Amino acid sequence: MPDLEDLYREIILDHYRNPRNRGELDTPPAVRAEGFNPLCGDEVIIYVQVADGVIEDIKFGGQGCSISQASSSMMSAAVKGRTVEELQQFNHAFRSMMSIEPDPDDPAPTNGNSADVKLGDLEALKGVVKFPVRIKCATLSWHTLTQAVEEAQATS
Amino acid sequence: MALDTAAVRADFPIMCREVHGRRLVYLDSAATSHKPRPVIDAVTDYYERFNSNVHRGSYQLAVEATEALEEARRKVANFIGADQDSEIVFAKNATEAINLVARTWGRANLGPGDPVVITELEHHANIVPWHMLAAEQGIELRWIPIRSDGHLDLTDLDRLLDGARLLSVAAVSNVLGTINPIRQLADAAHDAGALMMVDASQYTPHLPTDVKEMGADFVAFTGHKMCGPTGIGVLWARPELLEAMPPFLGGGEMILNVTKEGFSTAAVPWKFEAGTPPIAEAVGLGAAVDYLTGLGMEQVREHEVALTGYALRTLNQRYGDDITIHGPTEPAERGGVLSFEYKGIHPHDVAQVLDRSGVCVRAGHHCAKPLMRVLGCAATSRASMYVYNDESDVDALADALGEADVFFIE
């Protein structure tokens, strides 16, 4: 079996123990979305505030395993202050790192190449691919954020 | 006489395999049990020697296949103390058996505001079919709460049962292991004019089952948790109920006559078994029943009580306040299902670490989300034991659990 050290990298465990952007935002102006992983009962709640195509603030809540919590934390740190376009590029790059085919329902990046995106800390989640059951834990927060941002844009 | 676990293990071919270079420590029998050689052989033998469709063939092979299917029904009937073979309806699993009752008896007999009573420790299989009837027919769903010790809180039972039409309860919780007082509940249901259904999925594999002693009107269980194949489950019901219930699925096998104008149904139990049944699976279940009878269900239960006691002692002594094991603390009051939380580490992570040592436990909500909410957690790790487990499996679990600290405890 692949080493557990590939899965539980130190940077992941750091985000798990010391989550960034954990909390809530007032709705409105923020939008709230919930994601569930029916397999293991993980729940992620994303609050996101979008203005003029920029993710001004993001918080997350819910309960889940180290991978889903760390992924939420890393994602929130990566996309805060970015544009929705940049988020789409991140999302594509992340999904491709997770070896997931692009979701036809996801908006494609409108410019730029997702291959050029620097995922930074998120790269640490690469080892999850070796544990296929855990991929859904890592992608849950991204699905939920995409949903929240779509809703935010639809209501703005 | 106590079970000879070494001899039992030798009956289960899968026990020879390794996982990640370690011996298989299988502690997930509440999800599904492994299959002993006689069950695997019975299924193979059926396909090699008897395979043909049942009930309508006039040739020798079909006669023998039909006999094999009906022989399996006879074995199951004997195993659970049914009076007649025709009280045994084969279904896909316990979920389908419960849905069968909801969709046939429930649709015919329940209307807006009719109360159906269940408990907070039910599996989704005994919750969602009633939610569906609530949405479709407006039945009222009532819940018997649980106490903090994992037992049902029966303080308000009379009030909950007032006007109720059905009480449907798991005999053993698949999360807490709690053994519920089925006879007492059945008597209370009957006193209130309600029928009693028992979800025996976690009971029949582990304890001697007597449907008459239970006092039940319906009993559902599944084959694959009791050494049988997947794809075969059982609904037992009192014969007069089965007679009066409308059919379930429509199609071949369940009819007496079909015309352009309509149809008439076959006799019980075939009325409820539309289409070609899971013949090989039923034959396998018959072999499983023979196997368990050979071990002796009293011995199976005795083994489970002893091993559960050992597991509770070992884990509590080793980990003290770092481990919380849900459910009754007294082995005699519970099945061999141990849901636990360890040092606040998420169950999915616990299960991942245990897997490295070949230890198979389940992590998640165990299809009992309302119960998880009552327990105040989103998920637990669950180790569940059966006839092939022994103290070395418990020791392996206890050893491997501590390895989670490396990653998650600073």
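**View 1. Polar contacts between chain A and chain B.** In this predicted model, seven residue pairs make polar contact across the interface of chain A and chain B, with both partners at pLDDT 80 or more. On the chain A side, the elements that put in two or more residues are α1 (4-7), α2 (10-17) and β2 (42-51). Sort the chain A residues that touch chain B by type and you get 14 nonpolar, four polar and five charged.

**View 2. The salt bridge between the chains.** Zoom in on Arg134(A), which pairs up with Asp349(B) in a salt bridge. The closest N and O atoms of Arg134(A) and Asp349(B) sit 2.8 Å apart. The count of salt bridges across the interface of chain A and chain B is one.

**View 3. The whole footprint of chain A on chain B.** Pulling back to the full contact, chain A brings 23 residues to it and chain B brings 18. Together the two chains bury about 1800 Å² between them. Carbon and sulfur atoms account for 56% of that area.

**View 4. Two domains within chain B.** Now we stay inside chain B, where the domain assignment gives domain 1 as 5-31 + 296-408 and domain 2 as 40-294. Their C-alpha centres are 28 Å apart. Where the two meet, domain 1 of chain B offers 35 residues and domain 2 of chain B offers 34.

**View 5. Buried area between the domains of chain B.** About 2700 Å² is buried between domain 1 and domain 2 of chain B, and 61% of it comes from carbon and sulfur atoms. Three residues to pick out are Met297(B), Leu371(B) and Tyr386(B). This trio supplies 23% of the area that domain 1 of chain B buries against domain 2 of chain B, more than any other three residues.

**View 6. Polar pairs and secondary structure at the domain interface.** Don't go looking for salt bridges here: the count between domain 1 and domain 2 of chain B is zero. What the interface of these two domains does have is 19 residue pairs in polar contact, both members at pLDDT 80 or more. On the domain 1 side, α11 (297-319), β14 (337-342) and α13 (369-375) of chain B each give two or more residues. The largest share of that side comes from α13(B), with six residues. By type, the domain 1 residues of chain B that touch domain 2 split into 19 nonpolar, eight polar and eight charged.

Key. Residues numbered from 1 in each chain as written. Chains lettered and ligands numbered in written order. Predicted model: local features only at pLDDT ≥ 70, side-chain atom pairs only at ≥ 80, totals over all residues. Heavy atoms only, no water. Contact = heavy atoms within 4.5 Å. Buried area = accessible area lost by both parts, 1.4 Å probe. Salt bridge = Lys/Arg side-chain N within 4 Å of Asp/Glu carboxyl O. Polar contact = N/O pair within 3.5 Å; in protein donor to acceptor, adjacent residues only side chain to side chain. Helix = DSSP H or I, 4+ residues; strand = E, 2+ residues; numbered from the N terminus. Nonpolar A, V, L, I, M, F, W, Y, C, P; charged D, E, K, R; others polar. Domains from an automatic or database assignment.
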